[in-house]
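Reader: I would like a close look at a single part of this model, one helix and the sheet it lies across. Please take it step by step, and place it in the rest of the chain.

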Amino acid sequence: MFRRLFGRGAYLRFTAQTWDEMFAQLGRRAGGRRESGAFLLANRDGDPRRVIRVVYYDDLDPAALRGDIRLDAVAYGRLWDLCDQYKARVIGDVHTHGGTYVSQSSIDRENPMISRAGHIALLVPHLASRRAAPREVGVHRYDGAGDWQGSYASDAVRRVYVGRFA
Ligand SMILES: [Zn+2]
């Protein structure tokens, strides 16, 4: 019952612990100077919106964070291996922007990390130097064929649930 009340309509659900840890890791990996990012995984057999594991780009490829974020085929191969190992699937990704800018850049829009309709790209502010609340993030749903739908502020709060009943 609580799960229906809390996070109904959410694209992504996090426990507070997973959310906080994600910011700590993204901020640390970026060193406050550059963007960092990660894939968001759900259990294959569980709730398809619940983030149960975060796989950081620089763990897939130590060179991934040079300036803009780029992952090669080897990094994606590692990602699919991890998904098999964890019995998980990729439901979204997250990356950091500087300042409060959580819209997508044209590069972001033209290069979905996973080109599958329904994939969620989360954008977090301040290079993740501190934890942000859901109202501060940008939530971008890929609808296929180059189309995205963005949610901000109170809309973002509806799309990202962080809390006990994640
Ligand atoms: Zn970006």
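Author: A helix here is a DSSP run of H or I with at least four residues, and helices are numbered from the N terminus. By that rule Gly77 belongs to helix H4, and H4 is the part to look at. The model is predicted.

Helix H4 covers residues 73–86. Its 14 residues reach 20 Å from the first C-alpha to the last, close to the 20 Å expected at 1.5 Å a residue. The helix is hardly covered: among its 14 residues the count of buried ones is 1. Gly77 can serve as a sample position. Its C-beta position has 11 other C-beta atoms within 10 Å, and a residue counts as exposed at 12 or fewer, so Gly77 is exposed. Its C-alpha atom is separated by 20 Å from that of Ala121, a residue 44 places away along the chain. H4 is followed by Lys87, which has a positive phi near 50°.

Next comes what the helix lies across. H4 lies across three strands, E2, E3 and E4, and runs at about 130° to E4. Strand E4 spans residues 88–96. Burial in E4 can be set beside the count for the helix: 8 of the 9 residues of E4 are buried, so the strand is largely enclosed by the rest of the structure.

These three strands belong to an open sheet of 6 strands with mixed pairing, in the order E3-E2-E4-E5-E6-E7. The edges are strand E3 (53–56) and strand E7 (147–151), each of which pairs on one side only. On average, and with direction ignored, neighbouring strands of the sheet are turned by 25° against each other. As general background, strands of a sheet pair through backbone hydrogen bonds, either parallel or antiparallel.

The pairings can be followed from the E3 edge inwards. E3 and strand E2 (residues 37–43) pair in the antiparallel sense over 4 bridges, and Ala38 stands opposite Tyr56 of E3. E2 also pairs with E4, again in the antiparallel sense, over 7 bridges. There Asn43 has Ala88 in E4 as its bridge partner. Beyond that, E4 and E5 pair in the parallel sense over 5 bridges, with Thr96 opposite Val124 in E5.

Some of these strands also supply the interior. The largest nonpolar core holds 40 residues, and those with the most contacts inside it are Leu12, Leu40, Leu41, Leu122, Val124, Val137 and Val160. The elements that give two or more residues to this core include E2, E4, strand E5 (120–124) and strand E6 (138–144) from the sheet, and also strand E1 (12–14), helix H2 (16–30), helix H3 (57–60) and strand E8 (160–162). Val160 gives an idea of how the core is joined up. Leaving aside residues up to four places away in sequence, Val160 touches Ala10, Tyr11, Leu12, Pro134, Val137 and Val139.

Lys87 has company in its backbone geometry. His126, in the loop between E5 and E6, has phi near 60°, a positive value in a residue other than glycine. His126 has 20 other C-beta atoms within 10 Å; since a residue is buried at 20 or more, His126 is buried. Ala153 also has a positive phi, about 55°, although it is not a glycine. Ala153 is found in helix H6 (residues 153–159). With 13 other C-beta atoms within 10 Å, Ala153 is partly exposed.

Finally, the setting of the helix and sheet in the whole chain. The protein chain has 6 helices and 8 strands, which follow the pattern α-β-α-β-β-α-α-β-α-β-β-β-α-β along the sequence. For 166 residues a compact globule would have a radius of gyration near 15 Å, and the chain agrees because its own value is 15 Å. Its C-alpha trace spans about 45 × 35 × 35 Å along the principal axes. Of the 166 residues, 36% are buried. Among contacts with a separation of 6 or more, 61% join residues 24 or more positions apart.

In short, H4 is a hardly covered helix lying across E2, E3 and E4, and E4 itself is largely enclosed.

Note on methods: Residues numbered from 1 in each chain as written. Predicted model: local features only at pLDDT ≥ 70, side-chain atom pairs only at ≥ 80, totals over all residues. Pairing = 2+ DSSP bridges. Axes fitted to C-alpha atoms, helices over the stretch in contact; angles between N-to-C directions. Contact = placed C-beta atoms within 7 Å. Core = buried A, V, L, I, M, F, W, Y, C linked by C-beta atoms within 7 Å. Expected span 1.5 Å × (residues − 1). Rg over C-alpha atoms; globule rule 2.2 N^0.38 Å.
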